[in-house]
Amino acid sequence: MNVVVCGKVIPASTVIIEIDSSSKRMQRKGVPHELDPAAASAVEEGLRLTEKHGGAVVLVTMGTSDATIGIRNALAMGVTSAVHILDDAVAGSDTLGTAKLLAAAIKKLEYDLVICATESSDSYSGIVHGQIAQLLGLPALTFAKEVAVEGGKITIKRQSETGFDLVESSLPALVACSSGINEPRYPQLKGIMAAKKKEIKVYTAADLGLSPDQVGEKGAREKVLSIGRPPKRQAGKAVVDEGEGGKQIADFLAEIKVI
């Protein structure tokens, strides 16, 4: 089976995230990058499925030239090849613009299954995978904690408040993995060396048939109006127990209508 994994490359966990005051966007240039841990889990799930059923895994990502390090990490894990959407014109894309770009790149590939993380670890929008599924016309199996493929069908366990829901679909389909679905493998030296020879296709928005008014800042329907620091947390109310501490706490909870 052919699996496409949408994986984001984000500023490394050691980086203190900063927002550019003029663009109101996260500063991504000039800082170390890594494959998003959530994306690494999606890659791992794809690799496990192809190791069991045969086939190939292709990584599709969008980002600046700094994303190459994360792409190489996925290739070192065992991904067959990668697609990198690299174009200054896509900077400032909102979730829909991002989904349009990723979906257009996926359409150029042969696939039975698309795997995404439920959300990225830097922006946490959690809606891109649903938009990709809509654009590709695929059923979306979301919040997967376990994935199994058998006889042209895919089944996931979706975690719920009371246990697990079993969700089944025919292929092709899109799966969004929840955190903790697996433990991603660590690239070995053999994989790291092999990654240097694997193909990374680079596309611009124009290559994907998307005009500047469909993606990037011009095409964004979501706008950040302002940025600022959250207000300082108010000091809590201290209760000194001199025999009536319990009553004071109960009175306070009643006052704020908790009880």
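P172 is placed in the loop that runs between β9 (163–170) and β10 (173–177). The peptide bond that joins L171 to P172 is cis, with an omega of about 5 degrees. This loop is a convenient point of entry to the structure, which is a predicted model.

The chain as a whole may be described next. Its secondary structure comes to seven helices and eleven strands. Taken along the principal axes, the C-alpha atoms fill a box of roughly 70 × 45 × 40 Å. The chain has 259 residues, of which 39% count as buried. Among contacts with a separation of 6 or more, 70% are made by residues 24 or more positions apart. The surface that the chain exposes amounts to about 14900 Å², and carbon and sulfur atoms supply 52% of that area. As to charge, there are 30 positive and 31 negative side chains, and the centres of these two sets lie 4 Å apart.

Strand β5 offers a view of a buried position. A82 belongs to this strand, which covers residues 81–85. Because its relative accessible area is 2%, under the 20% limit, A82 is classed as buried. Which residues does A82 touch, leaving out those up to four places away in sequence? The partners are V58, L59, I71, L75, E199, I200 and K201. By contrast with these contacts, the C-alpha atoms of A82 and V43 are separated by 12 Å, the two residues being 39 residues apart along the chain.

Two of the partners of A82, I71 and L75, lead on to helix α2. This helix spans residues 68–77, and its buried residues are G70, I71, A74, L75, A76 and M77. Just after α2 comes G78, which takes a positive phi of about 135 degrees.

Strand β4, made up of residues 56–62, contains M62. Apart from neighbours within four places in sequence, M62 is in contact with I85, V90, S93, T98 and L101. A205 is 143 residues from M62 in sequence, yet the C-alpha atoms of the two are 10 Å apart in space.

The region around β6 and α4 holds several positions of interest. S120 is located in the loop between β6 and α4. Is S120 buried or exposed? Its relative accessible area is 12%, so S120 counts as buried. When residues up to four places away in sequence are set aside, S120 touches K8 and D36. K108 is twelve residues from S120 along the chain, and their C-alpha atoms are separated by 24 Å.

Y124 is also found in the loop between β6 (113–117) and α4 (128–136). Although Y124 is not a glycine, its phi is positive, at about 55 degrees. Helix α4 itself includes Q131. Q131 has a relative accessibility of 19% and therefore counts as buried, the limit for that class being under 20%. Beyond its neighbours within four places in sequence, Q131 is in contact with T95, L96 and A99.

The aromatic rings may be considered in terms of their partners. The count of aromatic pairs comes to zero. Lysine side chains, however, do lie over rings in this model: K108 sits over the face of Y203, at 5.4 Å from the ring centre. K157 likewise lies over the face of F164, at 5.7 Å from the ring centre.

Strand β8, which covers residues 153–160, includes S160. S160 counts as partly exposed because its relative accessibility is 24%, a value between the 20% limit for buried residues and the 50% limit for exposed ones. S160 and F143 are 17 residues apart in sequence, and the distance between their C-alpha atoms is 9.1 Å.

The path ends in the segment after α7 (245–255), where K257 lies. K257 is a residue other than glycine with a positive phi, near 65 degrees. With a relative accessibility of 72%, over the 50% limit, K257 therefore counts as exposed. A82, which has a relative accessible area of 2%, is buried.

Notes
Residues numbered from 1 in each chain as written. Predicted model: local features only at pLDDT ≥ 70, side-chain atom pairs only at ≥ 80, totals over all residues. Heavy atoms only, no water. Helix = DSSP H or I, 4+ residues; strand = E, 2+ residues; numbered from the N terminus. Buried < 20%, exposed > 50% of the residue type's maximum accessible area, 1.4 Å probe, protein only. Phe/Tyr/Trp six-rings, centres within 6.5 Å; stacked < 30°, edge-to-face > 60°. Lys NZ or Arg CZ within 6 Å of the ring centre and 35° of its normal. Contact = heavy atoms within 4.5 Å. Areas by Shrake-Rupley, 256 points an atom, 1.4 Å probe, with all protein chains shown as cover. Lys, Arg positive; Asp, Glu negative; His and termini not counted. Charge placed at Lys NZ, Arg CZ, Asp CG, Glu CD.
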